[in-house]
Amino acid sequence: MRTSRTRTFLRFRFPGALPQIFVGLKVAMPLAAVGTVIGEFSAGDEGLGFVIVQSGANSDTALAFAAVALLGVMSVALFYVLVVAERLLLPWVRETTSQR
């Protein structure tokens, strides 16, 4: 079968690992969004974390709630962008698993 290790990786191992890679990305995406906001709490001068901290200092709970709700909507939207990308890039996964 005289093929290089790189070609074997790109043709067989990497496509076989893509379903697990997408699972990891789906777990990491919302956590990365929350981590970004937590970082903005302490060292940011713009962004949702900064807005939440400033609205708490100004007792503007409506603005803080709106920022948290926007963070939730963004996290869910990013998750579903990954779901759509997974369905487009990995059509065989739905055929071989119970995902419908």
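In this predicted model, Leu-48 is in contact, once its neighbours within four places in sequence are left aside, with Val-37, Glu-40, Ala-67, Leu-70, Leu-71 and Met-74. Leu-48 also belongs to the largest nonpolar core, a set of 6 residues completed by Ala-33, Val-37, Ile-52, Ala-67 and Leu-71. At least two residues of this core come from each of helix 1, helix 2 (48-57) and helix 3 (61-89). Apart from this core lies another, of 5 residues, which includes Phe-22, Leu-82, Leu-90 and Val-93. In soluble globular proteins, nonpolar side chains tend to be buried together.

The contribution of helix 2 can be described further. Its buried residues are Leu-48, Gly-49, Ile-52 and Ser-55, and these cover an arc of only 135° around the axis, so that they lie on the same side of helix 2. The partners against which the buried residues of helix 2 pack are helix 1 and helix 3. Two of the residues on this side, Leu-48 and Ile-52, are thus also members of the largest nonpolar core.

Just after helix 2, the backbone of Ser-59 adopts a positive phi of about 60°, a value that occurs here in a residue other than glycine. Ser-59 is placed in the loop between helix 2 and helix 3, and with a relative accessible area of 62% this serine is exposed, the cut-off being over 50%.

At the level of the whole chain, the secondary structure consists of 4 helices and 0 strands, which gives the pattern α-α-α-α when read along the sequence. The radius of gyration is 20 Å, well over the 13 Å that the globule rule gives for 100 residues, and the chain is therefore more spread out than a compact globule. In keeping with this description, the C-alpha trace spans about 70 × 30 × 15 Å along its principal axes. Of the 100 residues, 20% count as buried, while the chain exposes about 7,500 Å², of which carbon and sulfur atoms supply 67%. Among contacts between residues at least 6 apart in sequence, 45% join residues at least 24 apart.

Helix 1, which comprises residues 5-43, contains Lys-26. This lysine has a relative accessibility of 15% and therefore counts as buried, the cut-off being under 20%. When neighbours within four places in sequence are set aside, the contacts of Lys-26 are with Phe-79, Leu-82, Val-83 and Glu-86. Among these partners, Leu-82 is a member of the core of 5 residues, whereas Phe-79, at 27% relative accessibility, counts as partly exposed.

Phe-79 also takes part in one of the 2 aromatic pairs that the structure holds. In the pair formed by Phe-9 and Phe-14, the ring centres are 5.9 Å apart and the planes meet at 40°, an arrangement classed as tilted. Both rings of this pair belong to partly exposed residues, with relative accessibilities of 41% for Phe-9 and 35% for Phe-14. The rings of Phe-79 and Tyr-80, by contrast, have their centres 5.3 Å apart and their planes at 85°, so this pair is edge-to-face.

Pro-15 is likewise located in helix 1, where a relative accessibility of 23% places this proline in the partly exposed class. With neighbours within four places in sequence left aside, Pro-15 is in contact with Phe-9, Leu-10 and Trp-92; of these partners, Phe-9 is also a member of the tilted aromatic pair. Pro-15 and Ser-42 are 27 residues apart in sequence, and the distance between their C-alpha atoms is 40 Å.

In helix 3, Val-73 has a relative accessibility of 54% and thus counts as exposed. A separation of 20 residues in sequence lies between Val-73 and Val-93, and their C-alpha atoms are 27 Å apart in space. Val-93, for its part, is among the residues of the core of 5.

Note on methods
Residues are numbered from 1 along each chain as its sequence is written. This is a predicted model: local features need pLDDT of at least 70, side-chain atom pairs count only at pLDDT 80 or more; totals for chains, interfaces and linings use all residues. Side-chain values use heavy atoms; hydrogens and water are left out. Buried means under 20% relative accessible area, exposed over 50%, partly exposed in between (1.4 Å probe, protein chains only). Contact means heavy atoms within 4.5 Å. A nonpolar core is a set of buried Ala, Val, Leu, Ile, Met, Phe, Trp, Tyr and Cys residues joined through side-chain atoms within 4.5 Å. Rings of Phe, Tyr and Trp (its six-membered ring) pair if their centres lie within 6.5 Å; planes under 30 degrees apart count as stacked, over 60 as edge-to-face and the rest as tilted. The radius of gyration is taken over C-alpha atoms; the globule rule is 2.2 Å times the number of residues to the power 0.38. Accessible areas come from the Shrake-Rupley method with a 1.4 Å probe; for residues, only the protein chains shown count as cover. The arc is that of the directions from the helix axis to the C-beta atoms.
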